Structure formats: C-alpha cells, structure tokens
Amino acid sequence: MTRTDRQRWLLPSHLVEPGGSGAARPRRTVRDWIVDTTLFLLAALVGLLAADASAQYTSEPVTLFDQLAGAAACCALWGRRRWPAGLAVTLSVVNIVAPVAAGALLASLFSVAVRRPFREVGWIVAFAAATSTVQVFVRPDPTTNVGLSIGLGFILILLVTAWGMLVRSRRQLVEALRERARRAEAEAELRAAQAQRLAREAIAREMHDVLAHRLTLLSVHAGALEFRPDAPPEQIARAAGVIRDSAHEALQDLREIIGVLRAPGENGDGDRPQPTLVTLDALVDESREAGTEVVLDSTVDDPAAVPAATGRTVYRIAQEGLTNARKHAPGTTVTVTVRGRPGEGLTVDIHNPAPAGPVPHVPGSGQGLIGLTERAALAGGRMEHGPAPDGGFALHAWLPWPP
C-alpha cells in the first residue's frame with residue numbers, strides 16, 4: 001500500500017474520486033463522515049441552546065414546534081453535499097419561524113460557500129441575512145436588543161461564508177497543483193518515449209550502416225560461388241575466406257550493437273575501436289578484395305587529426321556508398337574522393353557509373369541514405385545524393401572540421 005492510499009481517508013471525496021458530469025456521486029470518505037458528524041453535533045448544540053433560551057418566554061406548543069423544527073433541520077444537514085443551495089434556502093425560510101434552526105443554517109451556508117461559485121453564494125447569503133433580520137421581528141427575544149440580534153446574525157453569516165470560501169480556494173489550489181503534476185508526469189512520459197524512439201532510430205541506422213556492408217560482401221561472394229561452381233580452387237578458397245571474415249565481422253558488429261542495447265554507456269575492455277577516417281583505407285581494401293574496383297583519392301594529410309565523430313561519419317558515408325555501388329552497379333569502378341582541411345570542412349564525393357546491364361531490384365533500398373542524411377545534419381553538415389549526368393549515381397557530403 002502506497003502512502004497516498006494510506007492517506008485517502010484524509011482527503012475530501014471529490015479529491016479522492018473526481019467525477020465528471022456523467023460520473024456517479026463520489027462516496028464519503030472517513031474525513032467526510034467526521035466533518036458531517038461534527039457539523040451535525042454543532043448544529044444540534046446550537047439548536048438546543050436556542051431552544052432552551054426561547055423556552056423561557058414562549059408557550060409549550062411553540063417550544064415543541066421549535067424542537068421538532070430544529071431536529072428536522074439538523075437531520076437535513078446530511079443532504080448538504082447533494083443539495084447545498086436548496087438546503088440553505090429552505091433553512092433560511094425555516095429560520096424565520098424557528099430560531100433553533102440557526103445552527104443548521106450556518107452549516108448549510110458553509111457548504112454553499114465551499115461548493116458553489118461566488119455569484120450563487122452571494123445571493124444565497126443575502127437571502128439568509130434578510131431572513132435572519134426578519135426572524136428578529138417575527139420571533140423577538142425580549143432579553144436581547146434588536147440591533148444587537150441583527151448585527152450578531154450578520155457577523156455569524158459573514159464569518160461562516162468567509163470560512164467556506166477560504167476552504168473552497170484552498171481546494172481549488174490543490175486541484176490545480178494536482179492537475180499540473182499530472183500534466184508534468186504526462187509530458188515527462190512523452191519526452192521519455194520520444195527519447196527512446198530517437199535512440200532506437202539511431203541504433204537502427206547504425207545497425208544498417210554496419211551490417212549492410214558486411215552482408216553485401218557475403219551476398220556477392222556467395223553468388224559468385226553459386227554461379228561459378230567450376231572456378232579454380234584458389235578463387236573458391238579466397239571467396240570462402242572473404243565470406244568467413246565478413247560473417248565474423250558482422251557477428252562482431254552485431255554483438256557490439258546488442259551490447260549497447262543491454263548496457264548503454266558502458267564500454268568493456270574487449271570492445272573494438274570505432275571506425276574513423278584512419279580506417280577508411282581498410283574499408284577500401286576490403287571492398288577491393290570483394291571484387292569491387294575502388295579508386296580512393298584523399299588529400300587529407302593527417303587522417304588522425306580529424307575529429308572522431310566527423311571521421312566516423314565519413315567512414316559510414318563511404319561504407320554506404322560502396323555498399324550501394326555493389327548492390328545497384330556491380331562491376332563498375334567506384335571513385336571515393338575526400339578533401340578538406342581544418343576550418344574549411346571535410347567533403348566526401350562518391351561516384352559510380354551506370355551498370356553495363358540490368359540489375360535486379362533490391363528491396364529496402366534508400367533507407368541507408370535517408371539515415372546518413374539525418375546523421376550528417378546532426379553533425380552540422382549536409383549530404384546530397386542522386387543520379388549523375390553520365391547515368392550513374394553520385395553522393396556528395398560536407399561535414400564541419402573546426403580549426
């Protein structure tokens with residue numbers, strides 16, 4: 001049981017079980033029963049005192065009428081939560097001929113001030129004050145001055161009304177704070193869900209960039225073995241070695257990504273370093289071993305001086321460009337050009353001519369380029385791609401390189 005559940009009995013019923021226009025009337029809490037019983041006893045005590053005072057100068061039938069009217073008024077207080085305005089108006093009328101109902105009238109005015117808006121409270125209080133004044137002349141008390149009786153009635157009505165309005169304002173403040181807290185929790189959950197979605201998208205893009213290159217190598221060499229079963233043993237062994245190495249690298253990359261999902265932010269001692277611009281030569285050599293002709297033209301004198309995040313983005317862009325060239329333009333020569341210096345930025349251009357013959361459609365194409373475009377934008381750069389004038393495909397990216 002939570003702390004809130006344990007303290008539900010301390011709250012009013014409308015705060016514990018808030019209901020709308022079509023909701024059932026909330027049940028009384030323990031606190032409501034205590035408050036209702038206390039008001040009933042106080043109203044009965046005031047009525048007994050008034051009845052005892054009026055019995056000294058009234059006849060027995062009038063005293064009996066006062067006692068019955070006072071008892072009925074006190075019992076009617078148990079309906080003050082359902083009909084606060086109607087009960088207050090009725091008790092105001094009863095109070096004209098039965099002064100013993102004054103305690104119940106004050107309790108009903110308190111309920112009206114707590115549950116009704118100020119405009120409605122105003123005219124009900126004015127009506128109660130008017131009937132209280134009339135009661136002084138209909139049932140005068142010979143032991144008390146008329147002016148004093150009228151003033152005392154006004155003061156008691158105003159005090160009870162002010163107390164009820166203070167309680168109402170405090171409840172409205174509590175409800176506003178609860179609504180604000182509820183809205184803040186909803187916004188926090190929404191932000192958490194959005195952050196989780198962005199993290200999943202980033203992981204999905206990373207997985208695509210990493211695994212698409214490896215799996216393309218597997219597909220190329222497996223296809224070569226399938227269509228050339230009579231190839232020399234040396235070529236078969238070479239293709240099998242590339243397939244084995246690519247599968248091993250793909251498993252390693254997949255294991256790293258799953259490790260990030262299981263324990264984000266933690267790097268073990270056995271984790272491999274992330275690729276940067278320094279490892280671009282190894283990527284090109286790997287593609288050449290897979291049978292793709294690649295021309296690398298880089299004027300960056302010190303690849304290690306390139307920021308790690310920028311170098312990693314360049315590596316992923318080149319990896320995606322080589323992967324797409326193998327899938328959509330096999331047998332063509334791919335040109336990778338890298339230019340840049342500190343303060344001017346880093347440019348990457350990847351171009352491949354049109355394939356010599358028809359190429360089967362590869363499902364899911366284009367998702368990697370979309371992810372890389374977003375990745376370049378997040379890094380503060382830009383990337384453009386599309387058909388080249390010679391019928392091939394070109395990719396151009398620019399990334400910032402601070403001085």
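**Helix packing in a predicted model**

Trp78 sits in the loop that links helix H4 (60–76) to H5, helices being DSSP runs of H or I with at least four residues, strands runs of E with at least two, numbered from the N terminus. This is a predicted model, in which local features need pLDDT of at least 70 and side-chain atom pairs count only at pLDDT 80 or more, while totals for chains, interfaces and linings use all residues. Residues are numbered from 1 along each chain as its sequence is written, and side-chain values use heavy atoms, with hydrogens and water left out.

Trp78 counts as partly exposed because its relative accessibility is 30%; buried means under 20% relative accessible area, exposed over 50%, and partly exposed in between (1.4 Å probe, protein chains only). Along the chain, Trp78 is 38 residues away from Phe40, yet their C-alpha atoms are 7.9 Å apart in space. A similar jump links Asp36 and Gly79: 43 residues in sequence, 9.7 Å between C-alpha atoms. Asp36 belongs to helix H3 (residues 30–54) and, at 4% relative accessibility, is buried.

As for the whole protein, there are 12 helices and five strands, and 34% of the 403 residues count as buried. Taking contacts (heavy atoms within 4.5 Å) with a separation of 6 or more, 69% come from residues 24 or more positions apart.

Next comes helix H7 (residues 118–138), whose 21 residues reach 30 Å from first C-alpha to last, close to the 30 Å expected at 1.5 Å a residue; the expected span is 1.5 Å times one less than the number of residues. Buried in H7 are Val121, Ile124, Val125, Ala128, Ala129, Thr131, Ser132, Gln135 and Val136. These cover an arc of only 170° around the axis, so they lie on the same side of H7, the arc being that of the directions from the helix axis to the C-beta atoms. Arg119 and Phe137, on the other side of H7, are exposed.

What does H7 pack against? One partner is helix H5 (residues 84–97): the two axes come within 7 Å and cross at roughly 15°. Here axes are lines fitted to C-alpha atoms, for helices over the stretch in contact, and angles run from 0 to 180 degrees between N-to-C directions. That angle makes H5 roughly parallel to H7, a label for angles under 35 degrees (over 145 is roughly antiparallel, 65 to 115 roughly perpendicular, the rest oblique). The crossing is left-handed, which is to say that the near helix is turned anticlockwise from the far one by less than a right angle (clockwise would be right-handed). Among the H5 residues that meet H7 are Ala88, Ser92 and Ile96, and the H7 residues that meet H5 include Trp123, Phe127 and Val138.

Ala88 turns up again around Ser108, a residue of helix H6 (residues 102–115). Beyond neighbours within four places in sequence, Ser108 is in contact with Leu77, Leu87, Ala88 and Leu91. Ser108 is buried, with a relative accessible area of 0%.

Further along the chain, helix H10 (residues 280–289) has Leu280, Leu283, Val284, Glu286 and Ser287 buried. They cover an arc of only 160° around the axis, which puts them on the same side of H10. The axes of H10 and helix H11 (residues 308–328) come within 10 Å and cross at roughly 10°, so the pair is roughly parallel. At this interface, Leu280, Leu283 and Ser287 of H10 meet Tyr315, Ala318, Gln319, Leu322 and Arg326 of H11. Just after H10, Gly291 adopts a positive phi of about 100°.
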